[in-house]
Amino acid sequence: MTVSEDIRKWLVSSGVLTRVGKPSRYIGKELNAVLKDTMGKLRVLLAFPDAYEVGMSHLGFKVLYRELNSRDSTFAERTYLPWKDMIDEMRGNSVPLFSLETYSPALEFDIVGITLQYELGYTNVLALLELAGIPLFQRDRTHEPIVLGGGPCASNPEPMSDFFDAFVIGDGEEAMLEVCGLIEKNLDLLRSGKRRELLEIISEVRGVYIPSAGKRNVVKAAVADISDYGIDGRPVVPFMKVIHDRAIVEVMRGCNRGCRFCQAGIFYRPVRERVKEEIAERVREILRGTGYDEVSLLSLSTMDHSQIGELTDSLLPLMEPRKIALSLPSSRIDAFDVEIASRIASVRKTGLTFAPEAGTQRLRNVINKNVTEKDLLDCAVIARKKGWQRLKLYFMIGLPTETSEDIEGIVKLSRRVKAIGFKELAVSVAVFIPKPHTPFQFYRQIDENEARQKAEFLRGFSGRGIDIKVHNPSNGPVEGILSRGDRKVGRAVYEAYRLGAIFDEWDDQFDRRIWDEALKIASIDTEGYFKGYSTDETLPWEHISLGVSKKYLVSEYFRSLKEQTTPDCRWAGCTDCSVCGNLGISNVLRKV
């Protein structure tokens with residue numbers, strides 16, 4: 001009997017699925033899951049370091065699953081980090097991390113690809129590796145699978161560099177296929193323990209960073225035309241309710257807005273659209289191949305798609321007869337936005353959310369959020385006339401140059417919106433974390449006490465139809481250190497995991513005391529990371545290029561301090577961009 005057969009027997013016969021919560025996290029067999037004969041295949045385990053319901057909601061994970069399985073010679077399977085009760089059961093019965101498609105243990109794969117979506121999930125990566133039986137530190141591995149990292153957090157790979165053999169920076173589709181092809185041709189090196197030679201080979205791929213080779217300069221991988229990688233018309237459909245329980249269609253990648261706090265806006269540059277005919281055809285296929293009652297048109301700023309009006313007009317007739325909702329989760333603030341949202345809501349209202357981000361125009365100028373209070377209020381008036389009774393607003397606290405007037409502005413602006421006549425107004429407030437590769441990467445981060453004071457002030461105005469919720473201020477300092485950290489911070493990640501930190505991105509699981517102890521053991525100067533960086537020093541992630549020069553980021557940083565705005569990027573064509581600096585986005589799309 002093989003190990004995978006033993007795992008399957010344990011799942012079916014041991015009663016473990018009656019002892020753990022949400023057992024459908026572990027059984028696989030979902031509609032549209034891919035099954036192949038494993039013989040002669042390059043085996044790739046795509047591992048999401050969080051619970052199943054979170055990972056199954058992530059688009060990038062689904063894109064790689066589809067693209068890798070489109071190759072006859074590759075078989076990509078999925079795994080997610082089991083919840084704590086299942087981890088205990090697996091450890092107690094010597095059951096390793098396994099795939100959902102064939103119940104194969106992780107050690108039987110050639111590649112384990114782990115996505116890094118948020119810094120507070122870093123200890124989850126270590127839990128996943130340990131459960132897989134893979135040595136935590138890359139220096140200790142010999143014949144184990146190659147451990148690849150990717151995702152937005154890989155744009156500063158240094159805090160996790162000791163735990164990964166390689167990182168794929170940028171768009172994963174093309175680079176991952178190229179890496180897999182090279183590993184497939186050189187499997188003899190992996191199986192004979194010659195990891196260094198194999199890693200040297202894949203280091204030639206655009207966007208690949210090998211931590212053990214030192215800080216070589218790496219330019220992100222970028223797909224020139226996202227239509228070269230089609231939308232999955234038959235996505236895997238889970239048995240259980242997941243975080244985003246709907247079909248997800250990527251209509252556009254990148255954003256032409258220049259918000260200075262937004263790492264995603266830099267990471268996914270430049271803007272690349274799918275044409276409306278391609279999108280509509282894939283939506284038709286998804287509706288035929290799944291049972292979803294909602295389709296989400298996803299991008300960083302879906303309303304900026306050049307064909308958004310025509311696209312929604314073509315999709316609604318497909319969805320109205322079956323009462324299938326269409327949602328556009330990323331919204332700009334103008335009347336055109338609300339008009340389109342109103343047409344969509346004629347099928348079924350899915351909620352309306354605006355993100356002014358700051359409470360005053362002065363601070364919106366600082367962060368380059370090019371919307372005014374009048375824009376927001378005009379949209380709110382139209383939305384109320386169109387029948388919306390509930391609205392949600394997003395703000396941040398701790399933004400550069402923020403004053404008490406800016407915090408009070410959140411309350412004043414929220415009250416003005418509520419006075420328009422909404423039954424309920426939800427106000428969500430996050431603590432700002434400076435991110436690498438943004439103009440605010442140099443700025444200081446507010447400490448926990450300052451964040452708590454601002455949060456308590458805002459919570460005091462919750463009530464009378466305005467529900468103000470502020471994200472947990474205690475995890476902000478940890479996230480900030482992990483975000484802008486260097487390789488030394490990896491020791492703190494290891495110590496935090498050793499002390500019991502896991503699922504830290506879940507508020508009810510995060511324990512600040514563990515991290516305080518871990519940072520102390522690792523001799524991390526926390527104040528040094530909070531104070532930020534000067535614009536002329538070398539940053540820990542500076543060997544990674546996302547296609548936007550440091551010169552441009554420094555210029556935007558100083559413009560922000562002068563409260564000067566920068567117009568939205570005129571991204572159309574994006575062939576000869578000098579705005580983003582001396583590298584130029586157009587070069588990112590070339591094989592240079």
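Axes here are lines fitted to C-alpha atoms, taken for helices over the stretch in contact. With that in hand, two helix pairs and two nonpolar cores offer a way into this predicted model.

The pair later in the sequence is a good place to begin. Helix α15, residues 373-385, packs against helix α16, residues 404-418, with an angle of about 25° and with the axes 9 Å apart. Since angles under 35 degrees count as roughly parallel, α15 is therefore roughly parallel to α16. The crossing of α15 past α16 is right-handed. On the α15 side the contact involves E373, L376, L377 and A380, while α16 brings L413, R416 and V417. Five of these residues are nonpolar and two are charged, with no polar ones.

A second pair is formed by helix α4 (residues 59-69) and helix α7 (residues 172-185), whose axes come within 10 Å and cross at roughly 40°. The two helices are therefore oblique to each other, and their crossing is right-handed. Here V63, L64, E67 and L68 of α4 meet G172, E173, M176, L177 and C180 of α7. This contact comprises six nonpolar residues, one polar and two charged.

Turning to the interior, the largest nonpolar core holds 130 residues, and V44, I114, F164, I183 and I202 have the most contacts inside it. Helix α6, residues 122-132, gives the most to this core, with eight residues. Beyond its neighbours within four places in sequence, F164 is in contact with I114, L116, V125, Q138, R141, V147, L148, G149 and P211. Another core, of 34 residues, lies apart from the largest one and includes A341, V371, W388 and L413.

How values were computed: Residues are numbered from 1 along each chain as its sequence is written. This is a predicted model: local features need pLDDT of at least 70, side-chain atom pairs count only at pLDDT 80 or more; totals for chains, interfaces and linings use all residues. Side-chain values use heavy atoms; hydrogens and water are left out. Axes are lines fitted to C-alpha atoms, for helices over the stretch in contact, and angles run from 0 to 180 degrees between N-to-C directions. Helices (H or I, at least four residues) and strands (E, at least two) are DSSP runs, numbered from the N terminus. Angles under 35 degrees count as roughly parallel, over 145 as roughly antiparallel, 65 to 115 as roughly perpendicular and the rest as oblique. A crossing is left-handed if the near helix is turned anticlockwise from the far one by less than a right angle, and right-handed if clockwise. Contact means heavy atoms within 4.5 Å. Ala, Val, Leu, Ile, Met, Phe, Trp, Tyr, Cys and Pro count as nonpolar, Asp, Glu, Lys and Arg as charged, and the others, Gly among them, as polar. A nonpolar core is a set of buried Ala, Val, Leu, Ile, Met, Phe, Trp, Tyr and Cys residues joined through side-chain atoms within 4.5 Å. Buried means under 20% relative accessible area, exposed over 50%, partly exposed in between (1.4 Å probe, protein chains only).
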